[in-house]
Amino acid sequence: MTVAEYDRVPERVDSGYESALAHSLEETWETKPGLYGWISTVDHKEIGVRYLVTAFAFLVAGGVEALIMRVQLARPNQNLVAPETYNELFSLHGITMIFLYALPILSGFSNYLFPLVLGSRDMAFPRLNAFSYWIYLASGLFMYGSILATAVPNDGWYNFAPYSLRQFNPGLNMDFYALGMIFLGISTTVGSANFVVTFLRMRAPGMSINRVPILTWGTTTISVGNLLAVPAVSLAFLFLWTDRQFGTHFYTPESGGHPLLWQHLFWIYAHPWVYVVVLPAMGMVSDALPFFCRRPLVGYVAVVLGTITTMTLGFGVWLHHMFATGIPFLALAFFSGASFVITIPSAVAVLSWVATIWTGRPVTTAAFHFFAGFIALFVIGGVSGVMTASVPSDLQLTETYFIVAHIHYVLIGINVFAVLGALHVWFPKMSGRMMSETLGKISFWIIFIGFNVAFLPMHLTGLWGMPRRIYTYPAGVGWDTLNMITSVGAFILAIGVIVYFANVVISLRSGRIAGPNPWDGPTLEWTTPSPPPPYNFPVIPQVASRHPLWESRLHDSVGESQWRRGMPLDKGKEALATTALDGLPDAILKMPEDSPAPFIVTLAMTAGFVGLLLQIWWLAGVGAAATLAGLLIWLWPERELAQRAEAAR
Amino acid sequence: MTAIDQSRGLPVGSMGRRANGWWGMITLIATEGALFVYLLFSYFYIAVQHGREWLPPDLPSLSLSIPNTVILLVSGVAVWRGESLLIAGRRGPIVAIHILAALVLGLAFISLEGWEWSMEKLTPASGSFGSLYFMLGALHLAHLVIGALILAALALWSALGYFDARRSAPVSIGALYWYFVIVVWLAVFFTLYITPRLSLG
């Protein structure tokens, strides 16, 4: 950069992906080859794909843990695993699926898609984006490191005190979990901040907040939720760690603490978390289902308001996980009522999808199959949730396999099915190739049948009294057949997942070439080549309606959306900031170059957390100091980023 | 909606509240603010499980905490003044001196709180009140130390002449964090030092 500037009237040019402008943008934005480039890239598409691959790897790990448990439980009085190992298996399975798979997979899609659907060149904080991925990876490996230390967390994913206290749990098991979750919370928090600011600031001009795709509403809503909820669990685990290692008394009743404080802090976080891991998935379905119904979503505004209402109410229902703890009657009544009310905004989305299918002309692609399955399972999981919102039935059902069945209908139904469908939809954008429809439909049917064979009978297992988290059970109490069916179903489900991944691998190599818009989708990502170039858009698009690519058919726009004429913003790495509500141009932003700082700071923090875990205090200190030094260098004002005054040369 | 004005000039780079960093700081403050809400929730949750006897016989002392509160408020004024001077067009040393003054006051706060803790009979392990007292104080202090490091960097960068009236975003963003740390202290101070002295009858 030669002359710094404070103001610019942006020119407007006609351009496409073959122009000289596009070539110069390519040079400006591309990631350097080699290991250094791999470590230092801040391209949101690269980071998004890394999130997806890593989260799927954790899904496989969690799945293997589940299969071992299902073999153990297939018949009564088995001894495949010892009771202690079984405790570790179900704990690690829950931690993996809920924390290391369910949100990160959605963050992967959101990272990849946010700038593309919003018409931007990158996320608001590209380096922070890389940082959130590296921290996610490091904290996941940190928690899985407990396997090497043979000290795997063993108190279930919700980890109730006092069992998690040192007196009952002397090893490193709980410390891995406590510190690992505080570590992971950093990733979740900075990632959420990035989504919120990107949503508010990085939209194409003209994209007022009633024109953004629903998936960005879903992710932004839960990101605000995360900002407010994650501190609760970080604090809960910090208390746990100091109780264990420094003799504080947050959870120990004998010195004035209270074990239920753990449950409050944990569920204040973990109930909103249920919505956190489903609302972005619901958003993806709300956006992609209309592709296959050949019409816009029915009730855009209702779905958006339903999303926000669900998240807000989600903060007011945490006590329904604690109905059996002896809380006051008034609290029971209030939280039971709130838990019933929350079904209303959730039902709005379901009715919108059904109406979209009903009034559209459905094309039954593989993705459509997954979305239809998603809706069906959402209804079943929702209804079993309403059953437990009622205090008397919850007192009967809590801590039985009924709850296990419910949570799996919710999480597999609303998260996994939506994710598998969404990958069918956006895989062509990411890879340039289509996934096989035939294999996709085969994998859908195997997964759908396997899932229901496994988990539908499990409701009955629970109603017939089988408690969760027991490593085996006696013969002849009526659970034998049901458990065998569930185990068989689990393996069918696993085969379906293998077929699905085989489809991914085969399609990556030899899938049909996709072209820019294989589904005839309406939103901005479909104006880009598949896969999109590093700069996404040669000129900043301008948006005049909710469905820029369908305007000629819908006739609902004020003016005309343009993506071949607009601001080039090619004086270095630049992006456009727009106003939060109306999406009017507000500033030209200087975007950072690739940087190894996020990776290096992650290494420093990892060293710090290992130091805390093993109580090697000098290592913790070095890690903290290196983290701060790294952040200082990272944030040092740069002239290239227009953060410094001009005269200071 | 109104048509987009194509001829208007746009500011380039990080400009005040148009900088993404400013928005990022708002999100950071939201999440850190939530952390202290949960801390105070924990304090009052444990407090209501017990009666008056939960509090230690010697309540946390006001003799250092009140001067400390004043020190922190004055430091906030110093940062605010430095930021205002910068935005009004002053540069370099005068801004750096104001930020430096706030930093010195912040360090004074840290030292005084350390002194107070060294005289305290309570320990983090002496019971749930002690645990909460030190955890609230320590987590606030950790935020204050981060804030002090931010002020040190801003003072250095100001002295180097990095900022002027239009390139002032880093100072505004750092100042926002410092104000947040001060507001949190007021909540912590009220909870730990004032509420035990409020009599209900």
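Select β2 and β4 (residues 562-567) of chain A in this predicted model. The two strands pair in the antiparallel sense, over two bridges. For one position along this pairing, pick Val13(A): Gly566(A), in β4(A), stands opposite.

Next, add β3 of chain A to the selection. Together these strands form an open sheet of three, in the order β2-β4-β3 (chain A), and the pairing is antiparallel. Colour the edge strands, β2 (13-14) and β3 (540-542) of chain A; each of them pairs on one side only.

Now move to the place where chain A and chain B pair through strands. Select β1 of chain A, residues 7-8, together with β1(B). Here too the sense is antiparallel, and two bridges join the strands. Centre the view on Arg8(A) to find Leu10(B), a residue of β1(B), opposite.

From there, widen the selection to the whole contact between the two chains. Chain A supplies 56 residues and chain B supplies 47 residues. Hide chain A and keep the side of chain B that touches chain A. The elements giving two or more residues to this side are β1 (10-11), α1 (20-48), α4 (128-159) and α5 (169-194) of chain B. Highlight α1(B), which gives the most to this side, with 14 residues.

As a last step, colour the residues on this side of chain B by class. They divide into 27 nonpolar, 16 polar and four charged.

Technical notes
Residues are numbered from 1 along each chain as its sequence is written. Chains are lettered from A and ligands numbered from 1 in the order in which they are written. This is a predicted model: local features need pLDDT of at least 70, side-chain atom pairs count only at pLDDT 80 or more; totals for chains, interfaces and linings use all residues. Two strands pair if DSSP finds at least two bridges between them. Helices (H or I, at least four residues) and strands (E, at least two) are DSSP runs, numbered from the N terminus. Two residues are in contact if their C-beta atoms, placed from the backbone, lie within 7 Å. Ala, Val, Leu, Ile, Met, Phe, Trp, Tyr, Cys and Pro count as nonpolar, Asp, Glu, Lys and Arg as charged, and the others, Gly among them, as polar.
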